[in-house]
Each structure stands twice: as structure tokens, then as C-alpha cells.
Amino acid sequence: MTTDMLAPSLDLTALRAQFPILSREINGHPLVFLDSAASSQRPLRVLDRMDRYYREQHANVHRGAHQLSVEATEAFEGARRIIASHLGANEPAEIVFTRGTTEAINLVASSWGSKFVGAGDEIVITKMEHHSNFVPWQLLAERTGATIRFVDVTPDGLLDLDDLDRLLLGRPKIVAFMHVSNSLGTINPVAEIVRRAQAAGALTLVDGAQAAPHLKIDVAELGCDFYAISGHKMCGPTGAGALWARRELLEQMPPYQGGGEMISEVTMAGSTWAAVPHKFEAGTPNIAGVVGFGEAVRFLTDVGFDAIAAHEAEITAYALERLTNVDGLTLYGPRENKTSVFSFSYLDIHPHDLSTILDQRGIAIRAGNHCNQPLMDHFGINATARASFYLYNSREEVDMLVDGLAMAAKVFCHIS
Ligand code: C6P
């Protein structure tokens, strides 16, 4: 990310005070939470909004004519309007609520895929994808006899666009790829990939799980056909996410699951479907979660995506400077045009051991393959340690991570 000289700055002390969990101690040390790429923390106003919903407004949505049901429906549909506006959708009906990015991609692979993908068709994904954007397409390919092709990743952790061009010669039905890599932080050139894919006649699905927490998204500018996000990575609750798609596309797609909410009429002879987006929202939804998700997006918007980007650019530059000066540390991924996530190997210390010893100092990082096994295979490794910073992290926390690494070197390698 680039730092705009005039970008507004964050009042970090005041911001951190809004996140109750950040004042916790872990193993006798102040919590240093560097695992927001797995799931972020929530500010009080999101917790309060969900609490108020349950205390004062809960009833089932779209069902009752009574006051509470009307209020619950208004809160739920209000969140749809907030998220539609955050993503730059044409209208709220283009937002389908899901449990998260995983379910959003499964919905597309299952519904759109069952109608538009058949034997002999090609699907293009990339070697960088999270398993959520791998396995649903593998399941579809198994069901239909379609073939999956994988865009290569360069040694720097970028998508190889020449390889994409080569794969587009096969005229795939869809190109599905991530906006931002959860392991490497790479910000992919979405609009350019979409332009090339569309020129080859393919639809595009963008996995926005790691982009929407950091960047203001405008689906019209990106030009894609589907965009998937998870609320819990953007200061919202778990179990609430969204799929954006153009209305005409949603209208062409068959339902994903059957049940209440998604029908227009049910008879013994058959059923007809509700209008979009409800056609894709079978059963009682996660109402409180969606309401909290809407509040989280309002919170991020109030903080300001420009201010968030400027703060994260500063933290990213500082972390890069500090981490690249740690002897024995190998960083994976690009040095520029990236978000505030850092995957690394350190000396011969297994990432799980590193995570455990850092945890003794209250520092939470993630260790493992980050649901990126094909990417790990590509780099010839099994796992990395991963530190991910978000709007509430500070430069001091970068220093604490680096100090923690020095301590781990002493413990495991007797390096002083
Ligand atoms: N990545 C991580 O630690 P869900 O679980 O549906 O909210 O999000 C899945 C998902 C999809 N795409 C990307 C790019 C992701 O990063 C994730 C979640 C977490 O990296 C948990 S594995």
C-alpha cells in the first residue's frame, strides 16, 4: 500500500481503547495480537450492537407483522444496505448473506457451477489460493468432469500474468482468484486480471477475505462478477459474511439450498423461488451476526479506510525494515504493494515452536500452512510463522515481535 502524504492519521490510543480484549494479559504479559488475518478483534460498539439486538429487537426476520419482527428485519436489511454500499454494489439485493467467504465461494461453485459448467470445461484458479477457493472448484470438477488449471506464482510471490494469458487460451468458464494473499500479503491486480479474463469470455470470482478488512472495495471499478467477504476478519462477528454478484447473474443461478425463506410458493407439484437475494438465503439466518457485521463495516468506515491504509502502510514499512534485519529470518512474498501480513521461517525453529514461545510473552502469531498447502508446496516448505497486523497494532508491537524472536533464538539455538 502507498502512504498518501495527506492521509488522515489514527489516534491509536483511543482506537485501541475501543477493543476490550486488547487490554488482556496473556501469560503475565500484555496481549500482542498479531493474528488478525485469521480473525480480527471486535470493538465495543459491535459487541454493544449485537447485545442490544438480542436484548431489545430479536424476532425472526421477514416473517412476522409484529413490531419486533419488523425491527429485526429492518436491522438485518439495514446491514445489507451498509455492506452493499461498502462494496459499491448497485443495490442491496446484490448482497447475499453467507456464513463467510468459504460459504460464498461454495454457493457460486455449487449454484452457478451446476448450471454453467460441464464436462470438458475449464476452470482457472491460482496456486496462491486459500483452500476455500480450491476445494469448492475441485468438488465441482469431480461432479461435472471439468478441468482445473492453476496460474503460477513467481518466486517473489506474485501471480504470473503470462501464465494466466496462456491458460486463458483454453477459454475457461471462470477465473477465481484472491484479491489479497493471506500468507504473503500480495495485493493482486484485480482489475487487470478481470480485464484479461473477460476478454477471453470468462466470468471472474474474487476472494476478498483479506482485502475487504484493509481496502475500500468498489466492485464496479474492479469489474468482477462475484466478490466474497467474511465479517470476522473486519471487526465483525464470526459466522456472517457476504457474496456480491450482479443481479442478472444471481437471477440466472438456481438456489443453493432449499427450505423456508427462499421460496415464493410450495405445492406438492413443485416450488418456485423468492426474488434475489432471498432465493439464496434458506432458513433462519444469523441475524445478530449480520447486524454486528453491518456495525463493523460502519465502524471501519467511521475510522476511515484512508486512515487505516496509511496506518497499515507505516506499520508494514516498519515491520519490513525490522524483520529484514533479523539474522536467520526468511520472509516470503513481495516487499511492495502488500498488506500488513508477514510469513517467515526463522533459523531452524519449527513455526509451531516459535508460536508457542512467543505466546509465553503474550504474542499471538499463527503457525502452519494457513490453508495454503499448494502455495507451501510451491515454495517447498510445510509451514511458516505468520504475523499479521491490523488497524489497532502499533510500532511497539513490531519491536516486541522482534525481541521475542531474539528470545526464541536463545532458547532453541543458544544464540545470544
Ligand atoms: N483465512 C487465515 O488465517 P472464512 O473461514 O470463510 O471466513 O474465510 C476463508 C478464507 C478465504 N480466503 C482467504 C484469502 C482467507 O484468508 C480465508 C481465511 C484465515 O488465513 C483462516 S484459515
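**Reading a ligand site between two domains**

Tutor: Let's begin with a polar contact: an oxygen atom of the ligand is 2.7 Å from an N or O atom in the side chain of Gln210, where the term stands for a pair of N or O atoms within 3.5 Å. This is a predicted model, in which local features need pLDDT of at least 70 and side-chain atom pairs count only at pLDDT 80 or more, while totals for chains, interfaces and linings use all residues. Residues are numbered from 1 along each chain as its sequence is written, and side-chain values use heavy atoms, with hydrogens and water left out.

Student: Which other side chains have an N or O atom listed against a ligand atom?

Tutor: Asn182 has one 2.9 Å from a ligand oxygen, and Lys233 has one 3.0 Å from a ligand nitrogen. The protein buries 87% of the 510 Å² that the ligand exposes when taken alone (Shrake-Rupley method, 1.4 Å probe).

Student: Which residues around the ligand come nearest?

Tutor: A residue counts as near if one of its heavy atoms lies within 4 Å. Here 18 residues surround the ligand, and Thr102, Asp207, Gln210, Ser230 and Arg366 come nearest.

Student: Why does the ligand lie between the domains?

Tutor: Domain bounds come from an automatic or database assignment. Domain 1 (12–43 + 305–415) and domain 2 (47–301) both contribute residues to the ligand's shell, so the ligand lies between them.

Student: How many residues of each domain are in contact?

Tutor: Contact means heavy atoms within 4.5 Å; 37 residues of domain 1 touch 39 of domain 2 in this sense.

Conventions
Polar contact = N/O pair within 3.5 Å; in protein donor to acceptor, adjacent residues only side chain to side chain.
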